[in-house]
Amino acid sequence: MTDEFEVLAFAERQATAYLRSLEGRRVFPDEQALLALSGFDEPLPDEGQDAIEVLKQLSELGGPATVASTGANYFGFVIGSSLPVAGAAERIALAWDQCASSFANSPVADRIEKVAARWLLEILDLPRNSAVGFGTSATACALTALSTAREVLLQHLGWDLTRHGLSGAPPIRIVCPQNIHITLRKVFRVLGFGQDNIITVPCDEQGRLKLDNFPDLDERTLLCLQAGEVNTGGFDPFAFLLPKARAAGAWTHVDGAFGLWARASGLHRDLTEGIDQADSWTVDAHKWLNTPYDGAMVICRHADALSRAMNSDADYARAEPTAQKNLGLEFSRRARGIPIWAALKGLGKQGVAEMVERHCALARRIAEGLSAAGYRVLNQVVLNQVLVRADTDEETLAILQAAQDSGRTWFGPSVWEGRPAFRISVSSWRTESRHADMLVALLARLRQDHSSS
Ligand SMILES: *Cc1c(COP(=O)(O)O)cnc(C)c1O
């Protein structure tokens with residue numbers, strides 16, 4: 001067996017070599033690298049293998065087949081990358097291997113996550129007494145938020161969910177934009193909200209929920225809004241809707257997976273006006289804050305309600321309501337708040353604002369460049385998302401494919417108003433003007449190559 005520290009040093013060298021190779025590396029792996037993945041498809045060994053040999057295989061076969069989404073030339077989804085300080089903090093926390101469920105399990109994780117939670121509420125300017133649960137994803141965090149909402153709404157309707165369960169409970173209806181993120185639809189399904197109880201509201205051409213003929217809100221309504229629509233980056237009209245929802249006794253949840261970070265920037269904060277009046281919010285760290293996966297937060301104004309809904313105290317494992325095991329789904333969990341703390345401390349308020357502003361400025365630069373090259377930019381570029389189309393659907397799809405095949409960039413398809421488009425998103429701390437310009441130049445050339453005229 002190789003010595004523990006040699007193994008770690010080997011892994012560190014491989015990891016560093018990978019990061020050093022990012023700039024020149026293909027963004028999506030080539031055919032050869034993908035074929036080589038069959039090398040992993042071997043029988044489970046009877047006898048243990050040497051650690052260095054295991055890592056060599058991982059690095060040699062796995063590395064070339066990675067998507068370089070942590071690099072500067074990846075514009076797909078809103079993937080973000082890992083800030084050095086966040087990735088490095090994660091490595092230290094990995095060595096600590098804390099079970100970060102409560103103070104008793106890990107005083108250091110408990111303390112650092114509480115600080116990260118406080119900073120988060122400050123930088124996002126949300127109610128300072130809110131509870132913050134660090135979950136694996138915006139999906140998991142939305143599940144915790146909406147199960148809390150369900151319990152509270154039912155309680156207000158005189159129904160004790162813990163005692164009576166769902167069967168026979170007064171119906172709760174969901175009101176949400178028609179383009180609500182697919183993961184929210186999954187959460188609705190998992191929580192037992194049927195389609196018959198979901199009212200979807202039409203959206204305008206920027207993907208924002210329209211206010212005309214808006215359904216009545218009442219005390220059995222769970223209103224779900226979006227800060228940052230996935231195609232356009234559009235924001236729902238919080239300032240108008242949230243006071244009405246509050247007055248009606250509805251619960252409002254805001255999916256701000258990436259868009260909530262706009263609130264950290266003085267330039268973009270207007271988009272989020274009124275958002276602090278919601279009851280719960282979800283926001284990812286692993287997207288726009290550029291921390292490693294899996295890092296996301298549920299924020300709930302009603303701290304007691306979240307900790308009641310998520311309570312997992314046992315005779316052998318009791319903890320205070322603010323312990324993470326009482327704020328999220330997991331009982332055992334890694335200290336995922338540590339890289340988030342490190343990112344916030346490493347960037348500071350100004351650094352987060354600057355990153356958001358730089359990405360938004362780059363998105364505008366890309367939009368202008370592509371317009372000049374003859375593309376149609378379909379959205380008002382209010383954030384870091386650019387939605388683009390060529391002259392015809394065939395050209396749009398052919399250019400998208402050619403861009404992906406080039407290995408020099410990657411972004412994905414979407415469908416907007418029934419027709420194909422592509423979505424370019426700027427969210428990596430590594431992305432600079434020259435990368436944006438390279439993307440524009442590449443797409444300008446591809447349009448000439450594929451032009452039907
Ligand atoms: C990515 C995303 C989600 C889901 O977040 P995960 O962390 O991937 O679960 C939800 N809503 C929006 C708007 C997103 O962009």
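This passage walks through helix packing, a few buried residues, the cysteines and some unusual backbone spots in a predicted model.

Helix H11, which covers residues 337-372, is a good place to start, as it takes part in two helix pairings described here. Two packed helices are described by the angle between their axes and the distance between the axes. For H11 and helix H13 (residues 433-450), the axes come within 9 Å and cross at roughly 25°. With angles under 35 degrees counted as roughly parallel, that makes H11 roughly parallel to H13. The crossing of this pair is right-handed. On the H11 side, the contact is made by Leu362, Arg365, Ile366, Gly369 and Leu370. H13 brings Ser433, Ala436, Asp437, Leu439, Val440 and Leu443 to the same contact. Sorted by character, the residues of this contact come out as seven nonpolar, two polar and two charged.

The other pairing joins H11 to helix H4, which runs over residues 84-96. Here the axes come within 8 Å and cross at roughly 145°. H4 also passes H11 in a right-handed crossing. From H4, the residues that meet H11 are Val85, Ala86, Ala89, Glu90, Ala93 and Trp96. Their partners in H11 are Ile338, Pro339, Ala342, Ala343 and Gly346. This contact divides into nine nonpolar residues, one polar and one charged.

Next come three buried residues, two of them in loops. Ala68 belongs to the loop between helix H3 (51-62) and H4. Its relative accessibility is 3%, so Ala68 counts as buried. Leaving out neighbours within four places in sequence, Ala68 is in contact with Tyr18, Leu22, Arg25, Arg26, Val27 and Tyr74. A long stretch of sequence also folds back in this direction: Ala68 and Thr431 are 363 residues apart along the chain, yet their C-alpha atoms are 13 Å apart in space.

Lys325 sits in the loop between helix H10 (303-309) and H11. Is this lysine buried or exposed? With a relative accessible area of 2%, Lys325 is buried, because the cut-off for that label is under 20%. Setting aside residues up to four places away in sequence, Lys325 touches Ser101, Met310, Ser312, Asp313, Ala314, Ala317, Ala319, Glu330 and Phe331. Among these contacts are the two acidic-named residues Asp313 and Glu330, both of which count as charged.

Ala117 is found within a helix, namely H5 (residues 107-123). At 12% relative accessibility, Ala117 counts as buried. Beyond the residues up to four places away in sequence, Ala117 touches Val132 and Phe134. Ala131 is 14 residues from Ala117 along the chain, and the C-alpha atoms of the two are separated by 8.0 Å.

Then there are the cysteines. A disulfide is a covalent bond between the sulfur atoms of two cysteines. How many disulfides does the structure hold? The count is zero. Cys203 is in no disulfide, and the nearest cysteine sulfur, that of Cys176, is 8.9 Å away. Cys203 counts as buried, at 15% relative accessibility. Cys224 is likewise in no disulfide; for Cys224 the nearest cysteine sulfur is again that of Cys176, at 6.2 Å. Both distances fail the test, because a disulfide needs the sulfur atoms within 2.5 Å. Cys224 counts as buried too, at 1% relative accessibility.Finally, a few backbone spots deserve a look. Most residues other than glycine have a negative phi, and most peptide bonds are trans. Phe77, in the loop between H3 and H4, has a phi near 40°, a positive value in a residue other than glycine. Phe77 is partly exposed, with a relative accessible area of 43%. Asn213 also has a positive phi, near 55°, and its place is in the loop between strand E3 (198-201) and strand E4 (221-226). With a relative accessible area of 78%, Asn213 is exposed. Which form does the peptide bond from Tyr293 to Asp294 take, cis or trans? The bond is cis, with omega near -15°. Asp294 lies in the loop between strand E6 (280-284) and strand E7 (296-300).

Terms used. Residues numbered from 1 in each chain as written. Predicted model: local features only at pLDDT ≥ 70, side-chain atom pairs only at ≥ 80, totals over all residues. Heavy atoms only, no water. Buried < 20%, exposed > 50% of the residue type's maximum accessible area, 1.4 Å probe, protein only. Axes fitted to C-alpha atoms, helices over the stretch in contact; angles between N-to-C directions. Helix = DSSP H or I, 4+ residues; strand = E, 2+ residues; numbered from the N terminus. Parallel < 35°, antiparallel > 145°, perpendicular 65-115°, else oblique. Left-handed = near helix turned anticlockwise from the far one by under 90°. Contact = heavy atoms within 4.5 Å.
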